[in-house]
Amino acid sequence: QVQLVEFGGGSVQAGGSLRLSCSASGYSFGIYCLAWFRQAPGKERERVASINHIDITTNADSVKGRFSIFKDSAKNTLYLQMNNLKPEDTATYYCAAYRRPWYCSGDAYWGQGTQVTVSS
């Protein structure tokens with residue numbers, strides 16, 4: 001059974017930093033793509049960043065230059081380093097582990113989410 005558990009959310013002032021972690025069990029990172037999503041109240045869920053099986057990363061335009069996704073496969077842990085946070089980054093953040101090898105699309109396993117609140 002695959003389980004994803006996020007850590008590291010919280011409240012921070014604008015300009016501050018947070019690091020989110022996602023610990024995975026029952027799932028091996030090796031050939032799969034992983035991602036972070038977020039959803040703000042009244043908005044659709046959006047993909048913030050992804051990292052594939054050969055560590056190629058993508059970032060949404062809204063977070064480029066501020067957020068970094070990386071993983072430690074030995075620890076089965078995914079991270080999202082968030083710097084220079086803005087109030088518009090306030091959302092619930094979810095980690096996702098795609099079910100289909102190699103591809104960063106399709107069905108995924110999801111964590112329960114962690115809240116990030118950025119005050120101005």
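**Entry 1. A term to settle beforehand.** Two strands count as paired if DSSP finds at least two bridges between them. I keep this definition at hand because strands pair through backbone hydrogen bonds, either parallel or antiparallel. I also note that the model is predicted.

**Entry 2. Strands S3 and S8.** I looked up how strand S3 (residues 18-25) meets strand S8 (residues 77-82), and I found 6 bridges in the antiparallel sense. Which residue of S8 is the bridge partner of arginine 19? I recorded glutamine 81 as that partner.

**Entry 3. The sheet around S3 and S8.** I then traced the open sheet, which has 4 strands in the order S1-S3-S8-S7, with antiparallel pairing. Its edge strands are S1 (3-7) and S7 (67-72), and each of these pairs on one side only. From one strand to the next, I noted an average twist of 15 degrees.

**Entry 4. Strand S9.** I turned to strand S9 (residues 91-98) and asked how many of its residues are buried. The count is 8 of 8, so I may say, with buried meaning under 20% relative accessible area, that S9 is mostly covered.

**Entry 5. Partners of S9.** I listed the strands that pair with S9.

- Strand S4 (residues 34-39) runs antiparallel to S9 and is joined to it by 6 bridges. Within this pairing, I matched glutamine 39 with threonine 92 of S9.
- Strand S10 (residues 108-110) is also antiparallel to S9, with 3 bridges between them. Here, tryptophan 110 of S10 is the bridge partner of alanine 96.
- Strand S11 (residues 114-119) pairs with S9 in the antiparallel sense over 3 bridges. I found glutamine 115 of S11 as the bridge partner of threonine 92, and tyrosine 93 opposite threonine 114 of S11.

Threonine 92 thus appears twice in my list: it is a bridge partner of glutamine 39 and of glutamine 115 in S11.

**Entry 6. Strand S11.** Which side chains of S11 point to the buried face? I recorded Thr114, Val116 and Val118 on that face. Gln115, Thr117 and Ser119 point to the other face and are not buried. The side chains therefore alternate along the strand, as judged by the cut-off of under 20% relative accessible area for buried.

**Entry 7. Strand S2 beside S11.** Finally, I asked whether strand S2 (residues 10-13) runs parallel or antiparallel to S11. The two strands run parallel and are joined by 4 bridges. In this pairing, I located glycine 10 opposite valine 116 of S11, and Val116 is one of the buried residues of Entry 6.

Technical notes: Residues are numbered from 1 along each chain as its sequence is written. This is a predicted model: local features need pLDDT of at least 70, side-chain atom pairs count only at pLDDT 80 or more; totals for chains, interfaces and linings use all residues. Side-chain values use heavy atoms; hydrogens and water are left out. Buried means under 20% relative accessible area, exposed over 50%, partly exposed in between (1.4 Å probe, protein chains only). Axes are lines fitted to C-alpha atoms, for helices over the stretch in contact, and angles run from 0 to 180 degrees between N-to-C directions.
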